[in-house]
Amino acid sequence: MTKGSILISGAGIAGPALAYWLHRYGFDVTVVEKAPAVRSGGYPIDIRGTALDVVERMGLLPRLRAAHVDSRRITFLHPDGSPVASVAADKIVGNAAGRDLEIARGDLTATLYDAVRDTCEFVFSDSIAALAEDTDGVDVTFTSRQRRRFDLVIGADGLHSNTRGHTSGPEEQFHRYLGYCFAGFTMPNDFGLSHEGVVWNAPGRSGVLYAAGDNDHVHAFLIFTRAEPPLAAFRDPAAQRDVTASAFAGDQWEIPRMVAAMRTADDLFFDVVSQIHMPSWARGRVAVVGDAAHAPSFLSGQGTSIALVSAYMLAGALAAQPDHTSAFATYERETRRFVELNQALATDGRSAVTPETAEALAQRNAALLDPDSFDGDTGRPEHSALTLPTFA
Ligand SMILES: Cc1cc2nc3c(=O)[nH]c(=O)nc-3n(C[C@H](O)[C@H](O)[C@H](O)COP(=O)(O)OP(=O)(O)OC[C@H]3O[C@@H](n4cnc5c(N)ncnc54)[C@H](O)[C@@H]3O)c2cc1C
């Protein structure tokens with residue numbers, strides 16, 4: 001007998017991971033994703049610490065290990081393109097060498113999807129349009145106009161969560177802007193880069209080229225400080241390109257070439273660097289998980305790992321507790337400290353990518369030349385600050 005029906009909004013990382021565990025515990029799971037398919041490709045992400053235990057318990061570790069990117073070094077450059085230093089990549093991102101994983105985001109989403117595609121229902125190119133909750137369940141109207149009823153609804157639909165908007169209101173009240181914007185895109189690997197990254201800096205700006213392996217393309221990022229988030233640009237891709245280009249006007253090295261590639265990129269991804277902080281991750285029969293509940297920003301490097309851990313904790317609480325109210329309370333009580341410790345990594349000053357001022361940049365550069373100033377290769381304690389319970 002099924003333990004109940006659950007709709008998950010979002011087939012990124014938290015969504016399929018949650019679907020896997022909920023199905024395993026006996027729930028009927030439907031996942032709705034607004035994109036026409038699971039998104040492939042994408043920048044490299046990290047799976048570390050407690051999150052490694054989650055993917056191991058899912059039986060996915062061998063496939064993910066085979067997809068490990070193995071970045072070897074990151075080279076930092078002065079504004080004129082001359083080198084500051086080359087540092088082992090694990091030291092910069094705080095990875096435990098030989099244990100933590102770095103893989104292309106698309107390899108992880110494909111692996112997670114393959115683990116659930118035959119056991120959970122997936123509805124693509126659709127989205128939640130309205131939610132109406134009563135004492136026994138939730139009536140969901142989709143943008144396709146289809147109407148269905150579920151026992152519970154979980155939002156795993158990312159930083160700008162649609163589900164969160166339906167239940168808890170506008171994003172602004174939970175959104176903590178960290179003062180940066182970024183444009184991410186791919187461009188040809190004309191730089192001869194292999195298993196490595198290059199970070200060009202000027203105060204408050206960085207241009208990053210990242211070769212995840214020996215590919216013919218690199219992942220490019222233009223990251224810049226901006227006092228206020230450019231809210232108007234979110235409705236206008238041309239404005240996003242203009243805002244980014246003007247931040248880098250007159251800069252040297254390969255920046256003009258990167259800006260030109262950004263202008264014509266067909267995979268441009270522009271966003272603010274922000275976190276989500278909610279006083280509660282659930283309201284009634286609806287909860288949120290992953291970036292939707294507690295986005296840490298890419299400055300923490302922990303978004304993927306937190307999403308995997310929090311999906312595991314939410315599913316386990318729903319399996320172990322007698323009702324959804326106590327399950328949501330347990331999920332939050334046992335996961336929040338881990339989440340907050342990892343969110344704090346983004347703002348603790350150790351983010352080496354885009355120092356804001358000339359002084360901070362000089363300090364960062366001095367640190368790069370000091371072999372003792374970066375964490376060793378044992379990983380950061382925050383990454384493993386939660387020991388996974390066993391639920392079933
Ligand atoms: C440029 C960049 C670099 C990053 N680098 C790292 C890194 O190095 N390490 C790391 O750990 N993390 C990194 N992250 C963060 C990481 O990608 C996220 O934290 C992680 O993907 C969160 O997973 P999620 O499933 O919660 O959300 P997402 O991966 O954002 O997935 C949300 C899903 O919901 C779907 N969706 C959105 N709206 C709707 C809707 N209305 N209806 C239905 N579906 C919807 C989306 O299409 C998407 O498939 C980076 C992020 C960015 C943007």
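## Helix 7 across the sheet

Contact here means heavy atoms within 4.5 Å of each other. With that in hand, a look at this predicted model: helix 7 lies across strand 12, strand 14, strand 15 and strand 16. Relative to strand 15, helix 7 runs at about 75°.

## The sheet itself

Those strands belong to an open sheet of seven strands, with mixed pairing and the order 5-4-13-14-15-12-16. At the edges stand strand 5 (83-88) and strand 16 (269-276); each has a single partner strand, so one side of each is left without a neighbour in the sheet. From one strand to the next, the twist averages 20°.

Strand 13 and strand 14 are antiparallel partners, joined over seven bridges. Zoom in on Val199, and its bridge partner in strand 14 turns out to be Val208.

## The buried side of helix 8

Now for helix 8, which spans residues 255-264. Its Ile255, Met258, Val259, Ala261 and Met262 are buried. These residues cover an arc of only 160° around the axis, which puts them on the same side of helix 8.

What sits over them? The cover includes helix 7 (237-247), along with strand 12 (175-188), strand 13 (196-202), strand 14 (205-211) and strand 15 (217-225).

## Asn201, a polar residue tucked away

Asn201 sits in strand 13. Is Asn201 buried or exposed? Its relative accessible area is 0%, and the cut-off for buried is under 20%, so Asn201 counts as buried.

The Asn201 side chain reaches the backbone oxygen of Arg205 at 3.4 Å. Farther off in sequence, Asn201 touches a string of residues, among them Phe76, His78, Ser206, Pro355 and Arg364.

How values were computed. Residues are numbered from 1 along each chain as its sequence is written. This is a predicted model: local features need pLDDT of at least 70, side-chain atom pairs count only at pLDDT 80 or more; totals for chains, interfaces and linings use all residues. Side-chain values use heavy atoms; hydrogens and water are left out. Buried means under 20% relative accessible area, exposed over 50%, partly exposed in between (1.4 Å probe, protein chains only). Helices (H or I, at least four residues) and strands (E, at least two) are DSSP runs, numbered from the N terminus. The arc is that of the directions from the helix axis to the C-beta atoms. Two strands pair if DSSP finds at least two bridges between them. Axes are lines fitted to C-alpha atoms, for helices over the stretch in contact, and angles run from 0 to 180 degrees between N-to-C directions. A polar contact is a pair of N or O atoms within 3.5 Å; within protein, one must be able to donate a hydrogen and the other to accept it, and residues adjacent in sequence count only if both atoms are side-chain atoms. Lists of a residue's contacts leave out its neighbours within four places in sequence.
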